[in-house]
Structure formats: structure tokens, C-alpha cells
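Dear colleague,

I am passing on to you the structure that we discussed, with its sequence. Please find it below, followed by an account of what was found in it.

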Amino acid sequence: MTVNGQKIAEELRLIAGEAQPVNALAYASRAATGSSRRRRLSWSLAGLAVAAASVVGVLVVIPFSGGQNIAAQVFELPQNTPEQLRAVRECMPMGGPVHDMNGKQRIPGHGKAEDFRVLVEYRDAVGSTALVGSTAGFVFCTPQKYEAFAERAVFTYWGYKSPGDLAAGLSGSLTVDAYEDQTDSHGMRDDDQSGGSYRVVAGRVAPGVRRVEIDWADGRLTDAQVANGFFVGRVLGESVSDPQGGVDALGEPRKILDTPSVTVTAYDEAGQVVGQEKDVNYAWRGPAYRPTGRN
């Protein structure tokens, strides 16, 4: 039987729209009704039956490129545990993402806290930073020791374009979605509330990726945390004198976070490189920011 890949993808998108457990096999069967009288099923939609049998939470359909017979691949955003849901709500005290310059100004169009799932979390000896996302976009959440240092829950669309979806901007086995900084006040001393700035890199990976390594360009290498098709890693930042010669309120040379470009490499189960992004610049915003000469 020849499967209409586009039709199957459309039907699976209906599952995603319902955002609750459904019989995905029934949708797939309905999509192929026109040819159902032919007894032989030769679908190459890898893993469809397995995915359909365990559908929970939010489903997202990622189309394959290249005109293959494989029509779609089902990805699932993880369900939050009660503790994770509590953490998301604490990350979004306004009830959802906020304006990047005003933490008191919520942007309803970016969703509410309950729409977001903890996709992957990186923990170290000091604290943690999580990539927290919905089907449309993501924010970073870093729990704080001192509430005054809490980061704003600023939303970014997947693919950096409205309406945003998990298929947007994918670039093979590895897609670097963000390189920015997060303050973690757990890294501050009670008598000196300075420092605590972390460089953070996060993104999406294909199912075959088992390890993601971040070369921070200062001699440090970090294995990112990989889960649910996403990754995130962080490292304590270092301060340097402002190259522009700026000064602080006391007239002293101003210090800024050193943010050299990084290299991110993805490996499969055999330890082979399956994706790499070089020259990932600070304030990276997905593939659109990829420099010329990508490797």
C-alpha cells in the first residue's frame, strides 16, 4: 500500500491539537482509508505503532525532509511532575512569560505557565538551569538563593519566528537554539553578592544523539545534559574588563562577562560525531545566526 505521507502528517497534527491521550493508530488508519482495501501494509513510518500506543502529554509532529516515504515522526513533550510544575510556576510568578525589559509585564500570547514543561535540566555543585518549553517556544529557568536576582522568564519562539513549533529551524542532528547567560545567586557569598553569572547553551537533538559536548573556548569542556530530544549545559562565567573602556559608578574599570564563541558537538551511541556547530556566538538565536562557513 502506498501511504499518503502528507495526509498522515495532517492527521497526526490533529492529535497534537487535542493535546491529550488519543488513539493515534485510529488517526493513521483514517488517513489511509482510500487504500485500506489493499491488504498489504508496507508503511515505513518508523515507530508509529510504538509511539501511538504510549501517547500522553503534548504531541508534536516533525516532518521529515527530502521527500522520503517516512511521513512524520512523533515527538512527545514530557509531563511535568508536581515538583516540576511548581518550579515552572515559581519561574513564572506572573503566570507566564514576560517582557524582556519589564518582569511585571506578562505577554499572554506566549502562553501560561501550565503550557510549559521542564524539557531538560543541567545540575552542578552550585545549582541548576532548565530549558523549559511549550510547543511554541522556550524560556530558561534558574532557581535562586536570593529572590532579587531572579531572571525574567523571557520567551523565545522555536525557530525564532511566530507562531513557533518544534520543527522550525531544525538543522540535522544538532540544533543550537540559544547561547546566553543566567544568574544563579547560589554562587554568591552572603557577604559579597557578586558573581554567579553562568554561560548557558541549549537546543534540540535528533533521537540518535547520545551525548552533546560544549567547548567553552577557554580550556573547559562540558557534557551537556541530554533528555527528551533537548540539551542544556552551563559553566560558571568569568569577568573581564570592558574592552570599550567603560567604568562603574565608582569610576573603576567596568567588568563584563567574558563570552567567547563556543563549539557544540553531538555524538551517537558509537561515539561518532553526527553534528557540530562551530563559532556559536553569545546571544545566538538559532540557525539564522549561523556564521558563514558552518561545519
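In this predicted model, Val98 has Arg106 of strand β4 as its opposite residue. The pairing belongs to a short antiparallel arrangement in which strand β3 (residues 98–99) and strand β4 (residues 102–106) are joined by 2 bridges. The two strands make a hairpin, with 2 residues between β3 and β4.

As to the chain as a whole, its secondary structure consists of 4 helices and 18 strands. The chain has 295 residues, of which 38% are buried. Among contacts with a separation of 6 or more, 55% are made by residues 24 or more positions apart. The exposed surface of the chain is about 15700 Å², and carbon and sulfur atoms supply 48% of that area.

Confidence should be considered before any detail is read. The mean pLDDT of the chain is 78, and 72% of the residues reach at least 70. Residues 1–56, however, have a pLDDT below 50, although this stretch has 59 contacts in the model beyond near neighbours in sequence. Residues 61–74 also stay under 50, and there the model has 34 contacts beyond four places in sequence. Where pLDDT is low, the predicted coordinates should not be read in detail.

The first sheet to examine is open and has 4 strands, in the order β5-β6-β7-β8, with antiparallel pairing. Its edge strands are β5 (117–123) and β8 (156–157), each of which pairs on one side only. Within this sheet, β6 (residues 128–133) and β7 (residues 137–141) are antiparallel and joined by 4 bridges; Val132 has Val139 in β7 as its bridge partner. A hairpin of 3 residues connects β6 to β7. On to the next strand, β7 and β8 run antiparallel and share 2 bridges, with Phe138 opposite Thr156 in β8.

How many residues of β7 are buried? The count is 5 of 5. In a regular strand the side chains alternate between the two faces of the sheet. In β7, Gly137, Val139 and Cys141 lie on one side, Phe138 and Phe140 lie on the other, and all of them are buried, so that both faces are covered.

Two residues of β7 also meet a helix. Cys91 is located in helix α4 (residues 82–91), and it touches Phe140, Cys141 and Ala153, residues up to four places away in sequence not being counted. Is Cys91 buried or exposed? Its relative accessible area is 13%, which is under the 20% limit, and Cys91 is therefore buried. Cys91 and Pro143 are 52 residues apart along the chain, while their C-alpha atoms are separated by 7.3 Å.

Phe140 appears again in the surroundings of Glu180, a residue of strand β9. Neighbours within four places in sequence aside, Glu180 is in contact with Phe140, Tyr198, Arg199, Val200, Tyr282 and Arg285. With a relative accessible area of 17%, again under 20%, Glu180 is classed as buried. Glu180 and Thr259 lie 79 residues apart in sequence, with a C-alpha to C-alpha distance of 8.6 Å.

A second open sheet of 4 strands follows the order β12-β11-β17-β18, and its pairing is antiparallel. At its edges stand β12 (221–223) and β18 (273–280); each has a single partner strand, so one side of each has no neighbour in the sheet. From one strand to the next, the twist averages 15°. The antiparallel pairing of β11 with β12 extends over 3 bridges, and Asp215 has Leu221 in β12 as its bridge partner.

The largest nonpolar core has 17 residues, and Val176, Val201, Val212, Phe231, Val262 and Val264 have the most contacts inside it. At least two of its residues come from each of β9 (174–183), β10 (197–205), β11 (211–215), β14 (230–236) and β17 (262–267). Another core lies apart from it and has 15 residues, including Tyr122, Leu131, Val200 and Ala202. Returning to Val262, its contacts beyond four places in sequence include Tyr179, Arg199, Val201, Ile214, Asp215 and Trp216, as well as Glu277, Lys278, Asp279 and Val280.

With kind regards

Methods: Residues are numbered from 1 along each chain as its sequence is written. This is a predicted model: local features need pLDDT of at least 70, side-chain atom pairs count only at pLDDT 80 or more; totals for chains, interfaces and linings use all residues. Side-chain values use heavy atoms; hydrogens and water are left out. Two strands pair if DSSP finds at least two bridges between them. A nonpolar core is a set of buried Ala, Val, Leu, Ile, Met, Phe, Trp, Tyr and Cys residues joined through side-chain atoms within 4.5 Å. Buried means under 20% relative accessible area, exposed over 50%, partly exposed in between (1.4 Å probe, protein chains only). Contact means heavy atoms within 4.5 Å. Axes are lines fitted to C-alpha atoms, for helices over the stretch in contact, and angles run from 0 to 180 degrees between N-to-C directions. Accessible areas come from the Shrake-Rupley method with a 1.4 Å probe; for residues, only the protein chains shown count as cover. pLDDT is the predictor's confidence in each residue, from 0 to 100.
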